[in-house]
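Colleague: I am new to this structure and would be grateful for a close look at a single strand and its surroundings. Could you set out what is known about one such part in a connected account?

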Amino acid sequence: MATSDLCVRHSREDGVRRITLDRPEALNALTPGMRDRLVALLDAASADPETRAVVLTGTGRAFCAGADLRGGVAGGERRTGDVARTLRLGAQRLIAAVLDCEKPVIAAVNGTAAGLGAHLALACDLVLAAESARFIEVFVRRGLVPDGGGAYLLPRLVGPHRAKELMFLGDALGAADAERLGLVNRAVPDAELEDAALGWAARLAAGPTRALALTKQLVNASWDSDRAGAFAAEAAAQEINLTTEDAAEGLAAFVERRNPEFRGR
């Protein structure tokens with residue numbers, strides 16, 4: 001079943017929740033309502049046992065052109081703390097919803113991903129990009145500081161020097177170069193993007209859902225932990241995961257020399 005609200009379409013089939021930004025006339029620029037709806041859908045995916053993977057994409061020529069700045073971020077009377085509060089409850093909350101989603105999230109980048117739109121894609125667990133896609137750290141062109149966790153995500157993906165090059169110069173980065181730098185997993189022909197994303201999503205949806213969630217948590221936490229903390233988190237994750245039905249099924253299937261049938265429990 002598919003539904004649409006606030007220029008965001010979503011559906012769930014065979015364990016895969018598809019979320020599509022559907023505001024092509026504005027290059028899928030995010031309004032506050034769209035942003036909040038994305039957060040709600042990602043939170044719902046975490047809690048829904050029937051959702052075992054998420055695909056995030058856009059319609060038209062862009063994946064997402066970033067936040068909708070019509071009306072201007074500089075206009076109107078503003079008190080100290082307003083900007084920080086808006087950012088914390090807006091762009092940062094959206095990126096956190098992707099990073100914290102308990103289900104694997106695949107970005108299918110169908111076109112331009114700029115500013116917050118680029119960071120939305122890069123926060124996903126796996127990133128597939130159409131050959132026509134471009135990633136643009138557009139902030140410098142507007143005289144702005146990167147938001148949406150960009151200065152946190154980019155250095156961890158490509159290192160500080162590459163991150164500064166992208167953010168200081170604001171040049172568009174094509175899909176092939178993004179793949180070469182490690183920003184995306186694969187660059188694929190435009191016509192193959194949807195099938196590639198749904199193919200990966202189907203594999204993830206058939207996998208051990210709790211083990212994938214714990215693996216995601218471990219990898220994301222490793223960015224900020226030392227060895228002792230990482231080893232402790234790994235041991236705790238193993239303790240939790242070995243109580244799941246999927247872990248028992250996986251071990252039984254190994255002993256019985258058959259393919260496991262994971263149920264996400």
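Modeller: The account below concerns strand β4 and its neighbours, followed by the second largest pocket. Please note that the model is predicted.

Strand β4 spans residues 53-58, and 6 of its 6 residues are buried, so the strand is largely enclosed by the rest of the structure. The cover extends to both faces: on one side A53, V55 and T57 are buried, and on the other V54, L56 and G58 are buried as well.

Two pairings of β4 may be described in turn. Strand β3, residues 16-21, runs parallel to β4 and is joined to it by 6 bridges. Within this pairing, R18 has V55 of β4 as its bridge partner. Between these two strands the chain passes through helix α1, residues 32-47, and the resulting β-α-β crossover is right-handed. Strand β6, residues 105-109, also runs parallel to β4, with 4 bridges joining the two. Here T57 stands opposite A108 of β6.

The second largest pocket holds about 420 Å³ of space. Its lining comprises 23 residues, and those nearest the centre are C124, D125, L126, V219 and N220. By character, the lining divides into 16 nonpolar, 4 polar and 3 charged residues. At least two lining residues come from each of β8 (126-130), α5 (150-158) and α9 (209-222). Helix α9 contributes the most, with 6 residues.

How values were computed:
Residues numbered from 1 in each chain as written. Predicted model: local features only at pLDDT ≥ 70, side-chain atom pairs only at ≥ 80, totals over all residues. Heavy atoms only, no water. 1 Å grid on protein atoms, 1.4 Å probe; cavity = no way out; pocket = protein on both sides within 12 Å on 5 of 7 lines; lining within 4 Å. Points joined across faces, edges and corners; volume = space filled by probe spheres on them. Nonpolar A, V, L, I, M, F, W, Y, C, P; charged D, E, K, R; others polar. Buried < 20%, exposed > 50% of the residue type's maximum accessible area, 1.4 Å probe, protein only. Pairing = 2+ DSSP bridges. Right-handed = clockwise from strand over helix to strand, strands pointing away.
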